[in-house]
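User: Can you zoom in on one single spot in this model and walk me through its surroundings? Some context on the rest of the chain would help too.

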Amino acid sequence: MNWHLMDIAEVLAEQKCDAGFGLSSTNATARLSATGSNELIDNGGKSPWVILWEQFTSTMALILMTAAIVSGFVGTTKDSFAILAIVCLFALLGFFQEFKAERTIRALKRLAIPSVRVKRNGETNEIPSVDLVPGDIIFLETGNLVPADCRIIESHNLKIQESVLTGEADAVEKITDALQETSLPLGDRRNMAFMGTTVSYGRGVAIAVATGMQTELGKIAAMLQTVTKELTPLQKKLDHLGKTLAVLAILISTLYFVLGWMRGEDLRLLLMTAVSLAVAAIPEGLPAVVTITLAIGSQRMLQRQALIRKLPAVETLGSVTVICTDKTGTLTENRMTVTDLVPSPKHSESQLLLATALCNDAGLRIKGNNPVLIGDPTETALLAAAGKADIFKAELESLFPRIAEIPFDSVSKRMTTMHRVSASGSQHMLGTIFNLHEGDQFIVAKGAADVLLPFCMDSGGLIAAKVEELASEGRRVLACAFRHLESGELAELAELATQMEFVGLIAIMDPPRIEAHAAVVKCQQAGIRPVMITGDHQNTASYIARSLNITDNDAVMTGSEIDRIGPTGLTEAAGHVSVYARVSPEHKLLIIEALQQRGEVVAMTGDGVNDAPALKKADIGISMGITGTDVAKEAADMVLLDDNFATIVSTVEEGRTIYDNICKFIEFSVAGNLGKIIAVMVLPIMGLSNPLTPLQLLWLNLMTDGLLGLGLGVERAEPDIMQRPPVSKSAQIFDRRMLRHVLLTGGVIGFSSIAITWHHRLNHPGNWQSVLFTSLAFAQIGQAMSLRSFKHSFFRMGLLSNPLLMGVCFVVILLQLIVVFIPSLQTFFNTNTFGLESLLWTCVPGILVFTVLETEKLLTRIMSS
């Protein structure tokens, strides 16, 4: 359909919709069933078959399958089939976890679906954009993403940025008239709004004419459904580590085989031992545990009111060194209250409230049985104050209908409206006071005092002093102005909104959040510097910053100062300035770049459409979930569902915990595998050939890397996790500290198990392999217990604070005893029963590892204190 060629009445008739009533709920439901959800079909996620195929073609799986084939030729088919069975088990575990993660990511994305304001059943409602249907009457405002292809039916200075579709950088001013040319390109269809474009200015009303894959954006999406998914930095590091360990496994196995062959040892035993070494060195559980840890971490963050939109954000959070935060709503309650009314000598408080109620986009809506003010917090505060004086916006709008407007934006920092006086309006108090007659027109403006006062003719030094006094007390100061237009006075509204009459000042207070001070202190203890960036007055910013301990001085840098000193000066100043006031979104981008040039990892909050570039530039872009625009949310890595600064600090803590737990598992897995390699390599040299079969080693890896690793992956945060500096961006997972621990732990596991095995070879020659088999399993239980913290004692972490790990330890002990003592499994696992004395000996490596690691941590704490 060529909707742009039709006039508004034709479009409404074609869609069987009334502009004043909208669709009925029944009609909308029927249309949704017919057209489907208003969303683009996402084929970018992996199909289950691709996920399953990747599990079997990973480097680790291929090495294990090779080991199974070799084992089949030189060992027994039982070992071969057992290895293949465990490969399948790990593959299925990996498949189910990744498939679950894919579903979780899709579910989280669904939570981020924006709402849209529509007219249904004659009332204005907010609905998820996916429930939008053709024929819905949609309200568009600055900052909205257009949710469907629409025909414009009302435009109030409406401008839409359509570069996503047309490549044109300039926003397009929208009209309501029908167009004449049939084959107009999308960029010239000025009475249309298209899905995915951005409302950059003004407001309007439109009727949806196409949704989902039927939109212009949907047609493009249908041709671009092949998506290449990039690995995150952490995934790349882990992938590299896995391949490195696999290569080392092959080298160790090959070296052992060649040296043994040169010594003339039995070829079959050499091959079996080489296969065992390869199996022992591979951390089969690594992919599954990392996937589970990240998935659980994302869910934990969601419980803390933070929605992760992009997976790298989980990793980067642990490295954040600076949090740049807006003031309003994030550090403060976003519960604005009028504290002072300062009318000019010519006007009263009532006149001031009348003017601010007219120049206002907030409104009253009934939720349940209760009236609720809806809109910008500043504007709702003004309406609340007016309401207390029995001044109501709905009545004023009928008496003085709005005929033109210039909406508030972050650059102009003011709002201007033009009104016409009705017959009844001339009799109203406002008409009487300002000598207004039927048909007269007038302008009302409100905005930041320092911005609006220069446009007023009668704003003197006393007024400026009052602004300074109120702002120094942490109040936001607005000015209000009025102009009665002379008959026949014609010009653009922006030109008319000068030489105005000053009406008065309004002071508004937004108190700091109760929890913000503690969150700021926690930040500073964690080596993270909070920086306040606001468009508010510098005195207000300074007052709030000092009350929250963000700064202990009055140093505030304004947007004009940033322009004066330039990028070089800003880079130098960014090292010590913690409060920026009167800044534009462009300044935010410069501040981020300056901090990043100083080597900082920057998290940045934003809510406006103009904040999107800064959110993308920051290492972590954080959008507000309540006040944030659709565009800001789309550009962000994370959405704060409660707009609370304390939530950012909580997510940083969670990010550090996730990173810690992944590092703990890697150390646990590599050190445990090193212990097994030592045992398998050294014991044959001592005359105990083929100490463990490939099946036994796979079983050990399943018990340790799989089950115990999962328990470590959900460990809670360490007590001092927010008292230590952030993780460096360049930090390697396998660093010097981890290498030292791996060698120490692997050595203790390997050689203690060898000592006990040798003892049993001499005293109980029939069961030494089963003792070794069980000793290695129990050794890693002790290792897991101590590895719950890199620094703190196991007892400080709390015995029951990780119930999953405690339960898994019990399961591992039970399963290990079953495969050793149940006769039907002894044949399969090549094990023998042993007595109580031997069972007690198998506990020694675990106790020894736990004791050595706890002692090492104690000595480290003593030396660092």
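Analyst: Here's the overall picture, followed by one loop residue up close and then two other parts of the fold.

Heads-up: this is a predicted model, with local features needing pLDDT of at least 70 and side-chain atom pairs counting only at pLDDT 80 or more, while totals for chains, interfaces and linings use all residues. Numbering starts from 1 along each chain as its sequence is written, and side-chain values use heavy atoms, with hydrogens and water left out.

The protein chain has 33 helices and 23 strands (DSSP runs numbered from the N terminus: H or I of at least four residues, or E of at least two). Its C-alpha atoms fill a box of roughly 115 × 65 × 50 Å along the principal axes. Of the 865 residues, 53% are buried, meaning under 20% relative accessible area with a 1.4 Å probe, protein chains only. Among contacts (heavy atoms within 4.5 Å) with a separation of 6 or more, 73% link residues 24 or more positions apart.

Now the close-up: aspartate 637 sits in the loop between α24 (630-635) and β23 (638-640). Aspartate 637 counts as buried because its relative accessible area is 13%. Leaving aside residues up to four places away in sequence, aspartate 637 touches Leu307, Ile308, Arg309, Lys310 and Ala313, plus Leu615, Asp619, Ile620 and Gly621. With glycine 621 there's a specific reach: the aspartate 637 side chain comes to 2.7 Å from the backbone nitrogen of that glycine. Alanine 603, 34 residues away in sequence, lies 9.8 Å off, C-alpha to C-alpha.

Elsewhere, the axes of α17 (461-472) and α20 (538-547) come within 7 Å and cross at roughly 20 degrees; axes here are lines fitted to C-alpha atoms over the stretch in contact, with angles between N-to-C directions running from 0 to 180 degrees. The two helices are therefore roughly parallel, the label for angles under 35 degrees. Glu468, Ala471 and Ser472 of α17 meet Asn539, Thr540 and Tyr543 of α20.

Finally, there's an open antiparallel sheet of six strands, ordered β10-β17-β16-β15-β14-β13, where strands pair if DSSP finds at least two bridges between them. Its edges are β10 (337-343) and β13 (402-406), each pairing on one side only. Within the sheet, β15 (441-448) and β16 (476-484) run antiparallel and share seven bridges, with alanine 445 opposite alanine 481 of β16.

Notes
Buried means under 20% relative accessible area, exposed over 50%, partly exposed in between (1.4 Å probe, protein chains only). A polar contact is a pair of N or O atoms within 3.5 Å; within protein, one must be able to donate a hydrogen and the other to accept it, and residues adjacent in sequence count only if both atoms are side-chain atoms. Angles under 35 degrees count as roughly parallel, over 145 as roughly antiparallel, 65 to 115 as roughly perpendicular and the rest as oblique.
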